[in-house]
Amino acid sequence: LSICSRTVEPLEYYRRFLKENCRPDGRELGEFRTTTVNIGKCLCSITTADGSALVKLGNTTVICGVKAELAAPAVDSANKGYIVPNVELPSLCAERFRSGPPGEEAQAASQFIADVIENSQMIVKEDLCIANGKLAWVLYCDIICLDYDGNLLDASVFALLAALKNVQLPLVTINEETGLSEVNLKQKNPLIIRKHPVATSFAIFDDTLLIVDPTAEEEDLATGTVTIVTDEEGRLCSVHKPGGSPLTGAKLQDCITRAITRHKEVKKLIDKVIKSITPK
Amino acid sequence: MPLDHRRLCGPEESQPPALWAGTAAEDDEDEEGTGAAPRDPCALRPLFARAGLLSQAQGSAYVELGSGTKVLCAAWGPREAAEPGPGRLLCEFRRAPFAGRGARGRPGAVAEREAEREAAAALREALEPAVRLGRYPRARLAVSALLLQDGGSALAAAVSAAALALADAGVEMYDLAVGCALCRPPAPAASWMLQPAEPEERRAAARLTLALLPALNQVSAVLGGGRGGPPEDWAQALRLGLDGCHRQYPVLRQSLLRASQRRDAAAAA
């Protein structure tokens, strides 16, 4: 009988677990790792940012800081503000990331987050406009991965949502006579978040098996990945399947169902955390 | 500003709302500065240090100062280097874009990169005497620091965190390098203060950052400048800084001890 070790033949090692419908760390195929989130006023909040959140999915740790600034809207969309997501994978999160400008994975993740914001209409850009053609809010959402153990996209979307829920924007009015803007830092309003998208990632093994919430090791061994983003009404916002092995329609439907269940779990968690920090 | 093709771009220019808050905010700040009792210049802020918290790096440390400075650092043990010769220590220092209190730092901007490179060079200067590089010929040791929030004394906190991370990674060291920052406010007869907070650092006339190897009582780096007064003042500032480093040393050692105990417990379980 062959004894295969985790380092010598990782794929065989994994297959033996998958045959029993479980994974080396003890999880079921459809089970998520322990998710914890710290928002704003709790520990590890970033007081220099307007909104911040720290999300841990197992070992994967992602921190999101949102800074709001003022700018003139673009000429062709005078009534829209800006949301600029930026995912950074610094060299400290995993050995394979080099220091320097963002690599492929970081760029792809940033674009994914931008698409999620746009497709789910989480924040409507018209809401960010203060005065048509003159002044609008810019929300810089910086998502930094502190520890990369797989499933970056889920954690990033979650961290972004949590941080945005925590953002308080000061009231800005434009003085009619002078045309200058006046900012009232004392009076702050929370951001209007219309939809709450949640991402669920799956890894495809051997073209057939789907496992949820892959760790870094599983992502390396997988033959493909799928990320499904749903909102609170059970509607599909986006399906991200960058190549990899093909999926049948039925399997995709399973993924979507699992994603909808996951959305409810995440929403409950966020609501619980927000309720625990709002002053009574 | 040249277009950064690797990042999503927002508007060309944007200003933080605090700029437009006008005189109201400035009055508040001045009131805070003068109304509050002048702080004890030798008072050290509470320090929190924890080692061994990242799963992907060989060694890691998180240091948080009472003023709000948060630094996370990861270290990797010896890896093969292409060039022959003694071991090399490669340091990297990054600021998160949301770390500063005012405008958001632009990650790709030249000014940011220059500042990061300077800080990385300072970090290397402070850590090299502490590491036994002679034991790692033809190898490179990598240290990467990330500043999550800048509340003053950022470089000093980064030095402490980096030394902790290297020790946590199992790299052989002579001693932990402990960092301490000082600053001198612009008032004419003001004295040097330990571990300034961010507003104090911004208004300071002179700044100093020290790195000390406490058990050997050797200074590994002194960085700073400004209008500090006669040389005796600077000597006194150095002594104050050294004292501050000695006082922080037990906390850092405790955190290392706890991290190794945790690791042993996890391995045994």
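Buried means under 20% relative accessible area, exposed means over 50%, and partly exposed lies in between (1.4 Å probe, protein chains only). The model is predicted: local features need pLDDT of at least 70, side-chain atom pairs count only at pLDDT 80 or more, and totals for chains, interfaces and linings use all residues. Residues are numbered from 1 along each chain as its sequence is written, and side-chain values use heavy atoms, with hydrogens and water left out.

**Exercise 1.** Work out how the rings of Phe48(B) and Tyr62(B) are arranged.

*Solution.* Start with the rule: rings of Phe, Tyr and Trp (its six-membered ring) pair if their centres lie within 6.5 Å; planes under 30 degrees apart are stacked, over 60 edge-to-face, the rest tilted. Here the centres are 6.2 Å apart and the planes stand at 65 degrees, so the pair is edge-to-face. Next, place the partners: Phe48(B) sits in strand E1 (residues 47–51) and Tyr62(B) in strand E2 (residues 59–65) of chain B, 14 residues apart; strands are DSSP runs of at least two residues, numbered from the N terminus.

**Exercise 2.** Decide whether Tyr62(B) is buried or exposed, and do likewise for Phe48(B).

*Solution.* Tyr62(B) has a relative accessible area of 10%, so Tyr62(B) is buried. Phe48(B) comes to 44%, so Phe48(B) is partly exposed.

**Exercise 3.** Find the salt bridges between chain B and chain A.

*Solution.* Look for a side-chain nitrogen of Lys or Arg within 4 Å of a carboxyl oxygen of Asp or Glu. Across this interface the rule finds three. One of them joins Glu95(A) to Arg79(B), with the closest N and O atoms 2.9 Å apart.

How values were computed:
Chains are lettered from A and ligands numbered from 1 in the order in which they are written. Helices (H or I, at least four residues) and strands (E, at least two) are DSSP runs, numbered from the N terminus.
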